[in-house]
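User: I am new to reading protein models and would like a close look at one part of this one, namely how its helices pack and what lies around them. Please explain each term as you go.

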Amino acid sequence: MRCPYCGSLDDKVIESRTMANGENIRRRRECVSCGYRFTSYERIEEKPLMVVKRDGRRQPFDAKKLEKGISRALEKRSVSTSMLENLVTEIEDAAVMRAKASREISTEDLGALVLERLNKIDKVAYIRFASAYKHFENLEEFINEVKSIDV
């Protein structure tokens with residue numbers, strides 16, 4: 001690590017401390033050349049989760065965008081804000097697990113994860129989200145989806 005004081009690349013680590021639930025390491029260092037002490041931080045750099053759209057475009061996963069879509073489906077329903085936040089976190093974790101090493105998930109898979117969770121929480125929100133996500137061509141498809149819900 002380059003010394004911020006003299007520019008030397010020769011230093012020694014005096015102390016290491018794990019921070020943020022083991023996701024970061026803080027290291028106190030001392031420059032061997034000039035004796036200046038400084039701090040460095042290490043963290044794992046992960047590739048972002050990418051969402052593959054229906055037309056093949058790729059976008060970085062956006063939890064706020066997901067939360068906005070789900071909250072629209074849950075509008076005027078008796079679901080707390082904390083439950084919404086937990087739901088978004090749960091879906092994001094499941095998406096990361098499903099994407100695995102490729103770090104990519106299709107919008108179809110992501111939508112299916114949302115529908116699976118909404119079906120357990122609120123049937124009306126499920127239908128609202130499904131109507132936007134599944135792009136029903138006619139009323140029959142919509143009615144069949146409503147009938148398929150297990151009450």
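Analyst: The answer below starts with one pair of helices, goes on to the loops that follow them, and ends with a second helix pair and the charged side chains.

This is a predicted model, in which local features need pLDDT of at least 70 and side-chain atom pairs count only at pLDDT 80 or more, while totals for chains, interfaces and linings use all residues. Residues are numbered from 1 along each chain as its sequence is written, and side-chain values use heavy atoms, with hydrogens and water left out.

Helix α1 covers residues 63–73 and helix α2 covers residues 81–99, and the two pack at an angle of about 125° with their axes 10 Å apart. Helices here are DSSP runs of H or I with at least four residues, strands are runs of E with at least two, and both are numbered from the N terminus. An axis is a line fitted to C-alpha atoms, for helices over the stretch in contact, and the angle runs from 0 to 180 degrees between N-to-C directions. The angle makes α1 oblique to α2, since angles under 35 degrees count as roughly parallel, over 145 as roughly antiparallel, 65 to 115 as roughly perpendicular and the rest as oblique. The crossing of α1 with α2 is right-handed, a term used if the near helix is turned clockwise from the far one by less than a right angle, with left-handed for anticlockwise.

Which residues of α1 and α2 meet? On the α1 side they are Ala63, Leu66, Glu67, Ile70 and Ser71, and on the α2 side Leu84, Leu87, Val88, Ile91 and Glu92, where contact means heavy atoms within 4.5 Å. By class, this contact holds seven nonpolar residues, one polar and two charged (Ala, Val, Leu, Ile, Met, Phe, Trp, Tyr, Cys and Pro count as nonpolar, Asp, Glu, Lys and Arg as charged, and the others, Gly among them, as polar).

Between α1 and α2 runs a loop that contains Lys76, a residue that has a positive phi of about 60° although it is not a glycine. Most residues other than glycine have a negative phi. Lys76 is exposed, at 80% relative accessibility (buried means under 20% relative accessible area, exposed over 50%, and partly exposed in between, with a 1.4 Å probe and protein chains only). Arg103, in the loop between α2 and β6 (104–106), also is not a glycine and has a positive phi, of about 55°, but Arg103 counts as buried at 16%.

A second pair, α4 (residues 123–133) and α5 (residues 139–148), packs at about 145° with axes 11 Å apart, and the crossing of α4 and α5 is right-handed. Tyr126, Ile127, Ala130 and Ser131 of α4 make this contact with Phe142, Glu145 and Val146 of α5.

Charged side chains complete the picture. A salt bridge is a side-chain nitrogen of Lys or Arg within 4 Å of a carboxyl oxygen of Asp or Glu, and the count comes to eleven. One of them joins Arg29 to Asp11, with the closest N and O atoms 3.1 Å apart. Arg29 lies in strand β2 (residues 24–31) and Asp11 in strand β1 (residues 11–19), so the pair ties together parts that are 18 residues apart in sequence. Arg29 is buried at 10%, and Asp11 is buried at 18%. Elsewhere, a network of salt bridges links Glu90, Glu116 and Arg117.
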